[in-house]
Amino acid sequence: MDHQKQYGLQAVKLFVDLMPKYLCNFAAQLTITNECMTLQDIPNIKHTNADNFFLLCGPCAIEGEDMALRIAEKVITITDKLNIPYIFKGSFKKANRSRIDSFTGIGNEKALEILAKVSETFKVPTVTDIHEVSDAALAAQYVDVLQIPAFLVRQTDLVVAAAKTGKVVNLKKGQFMSPEAMKHAVQKVKDAGNNKAWITDRGTMFGYQDMIVDFRGIPTMREFAPTVLDVTHSLQQPNQTIGVTGGRPDMIETIARAGVVNNVDGLFIETHFDPANAKSDGANMLHLDNLEGLLTNLAKIRATIKAL
């Protein structure tokens, strides 16, 4: 019995001696694993000390220079007023289309040059999505953030190519993926030598022709990287028989409010001054005239939540 007590006391002492060292090592590993970007990593971004959500906002696709500049100017006026960090969004090409006759773009170089002009004109960062490995180096010459589309986020070569440009990488969660699975996408970026990544939730397939947002996934994904809620794409109704994606823009404020309440780091909203005639995703876009009212309400909710 005395020997058992002696061994027991030795075991306890060893545990007490080693535990602080173990916890320190574990904490260090956790810090390395979860090291992630900050808004300060993005060139030209403003209002980073406002303690507000950040915003990715713009048209689905770049249709021309005038429309891009018009939308950017309006959004910047609103976000400056509300102290919201802002990144202009616009796709330089649309590779994922339902039909072969769907709009895909005005030309890669032309659209990318327009994105660069938006950035230069308004001193605002820009984001665009890429679809092929060769797109990464090309787009990186013009924009500040490279976006991996949801359907392609498991494509290792594409994710690694984006990461190796050194740009911030926006990883859209696949509609078919669990929130937990996104840690592997983030880790691919980090393993490629780039810690500047965030995750964007754009909804999960709910049957064949609808999407749903599972807000339980927001805190899970925030363990891996800053997390954005793509409000407008979450309201898509895909796989329509006519070959054009539908949507529920009437639910934009409902989904956006729920995202802010659940502490998303950022919001993604596609907008246009004429959604009915937009060349891509008009069915789920927010009309540009409604953006200021929406963001004003969301900023108030954010302030309330942060005060709790």
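A cavity here is a set of grid points where a 1.4 Å probe fits but cannot get out, and a lining residue has an atom within 4 Å of such a point. With that in hand, the predicted model turns up just one cavity of 30 Å³ or more. About 60 Å³ of space lies inside this largest cavity. Thirteen residues line the largest cavity, and Lys46, Thr79, Asp80, Tyr86 and Val124 are the ones nearest its centre. By type, the lining of the largest cavity splits into seven nonpolar, three polar and three charged residues. Helix H2 is the top contributor to that lining, with three residues.

Stepping back to the whole chain, the protein has nine helices and 13 strands. Of its 308 residues, 47% count as buried. Contacts reach well along the sequence: among those between residues at least 6 apart, 71% join residues at least 24 apart.

Helix H2 is worth a longer look. H2 runs over residues 65-82 and has 18 residues, with 26 Å from its first C-alpha to its last, close to the 26 Å expected at 1.5 Å a residue. Right after H2 comes asparagine 83, whose phi is positive, near 55°. The buried residues of H2 are Met67, Ala68, Leu69, Ile71, Ala72, Val75, Ile76, Ile78, Thr79 and Leu82. One of them, Thr79, also sits among the residues nearest the centre of the largest cavity. As for partners, the buried residues of H2 pack against strands S1 (54-58), S2 (86-89) and S12 (266-272), along with helices H3 (108-122) and H9 (291-307).

Not everything on H2 is tucked away. Arginine 70 lies in this helix and counts as partly exposed, because its relative accessibility is 49%, and partly exposed covers the range between 20% and 50%. The C-alpha of arginine 70 is separated by 8.8 Å from that of phenylalanine 273, although the two residues are 203 apart along the chain.

Now for the nonpolar interior. In soluble globular proteins, nonpolar side chains tend to be buried together. The largest nonpolar core in this model has 68 residues, and Leu55, Phe88, Ile130, Ile148, Leu171, Leu267 and Leu295 touch the most other members. H2 gives the most to this core, with nine residues. Apart from this core lies another, of 13 residues, including Leu39, Ile87, Val168 and Val228.

Leucine 171 makes a handy close-up of the 68-residue core. Leaving out residues up to four places away in sequence, leucine 171 touches Ile148, Val153, Val159, Met182, Ala185, Val186, Val189, Ala197, Trp198, Ile199 and Thr200. Ile148 from that list is itself among the residues of the core that touch the most other members.

Helix H4 (residues 133-140) has a buried set of its own: Asp135, Ala136, Leu138, Ala139 and Ala140. These residues pack against H3, strand S3 (126-129), strand S4 (145-148) and helix H5 (156-164). H3 also takes up contacts from the buried residues of H2.

Finally, the pockets. The second largest pocket holds about 160 Å³ of space. It is lined by 14 residues, with Asp51, Asn52, Asp265, Arg302 and Lys306 closest to its centre. The lining of this pocket divides into five nonpolar, four polar and five charged residues.

Conventions
Residues are numbered from 1 along each chain as its sequence is written. This is a predicted model: local features need pLDDT of at least 70, side-chain atom pairs count only at pLDDT 80 or more; totals for chains, interfaces and linings use all residues. Side-chain values use heavy atoms; hydrogens and water are left out. A nonpolar core is a set of buried Ala, Val, Leu, Ile, Met, Phe, Trp, Tyr and Cys residues joined through side-chain atoms within 4.5 Å. Buried means under 20% relative accessible area, exposed over 50%, partly exposed in between (1.4 Å probe, protein chains only). Helices (H or I, at least four residues) and strands (E, at least two) are DSSP runs, numbered from the N terminus. Contact means heavy atoms within 4.5 Å. The expected span of a helix is 1.5 Å times one less than its number of residues. On a 1 Å grid over the protein atoms alone, a cavity is a set of points where a 1.4 Å probe fits but cannot get out, and a pocket is an open set with protein on both sides within 12 Å along at least five of seven lines; lining residues have an atom within 4 Å of a point. Grid points are joined across faces, edges and corners, and a volume is the space filled by probe spheres set on the points. Ala, Val, Leu, Ile, Met, Phe, Trp, Tyr, Cys and Pro count as nonpolar, Asp, Glu, Lys and Arg as charged, and the others, Gly among them, as polar.
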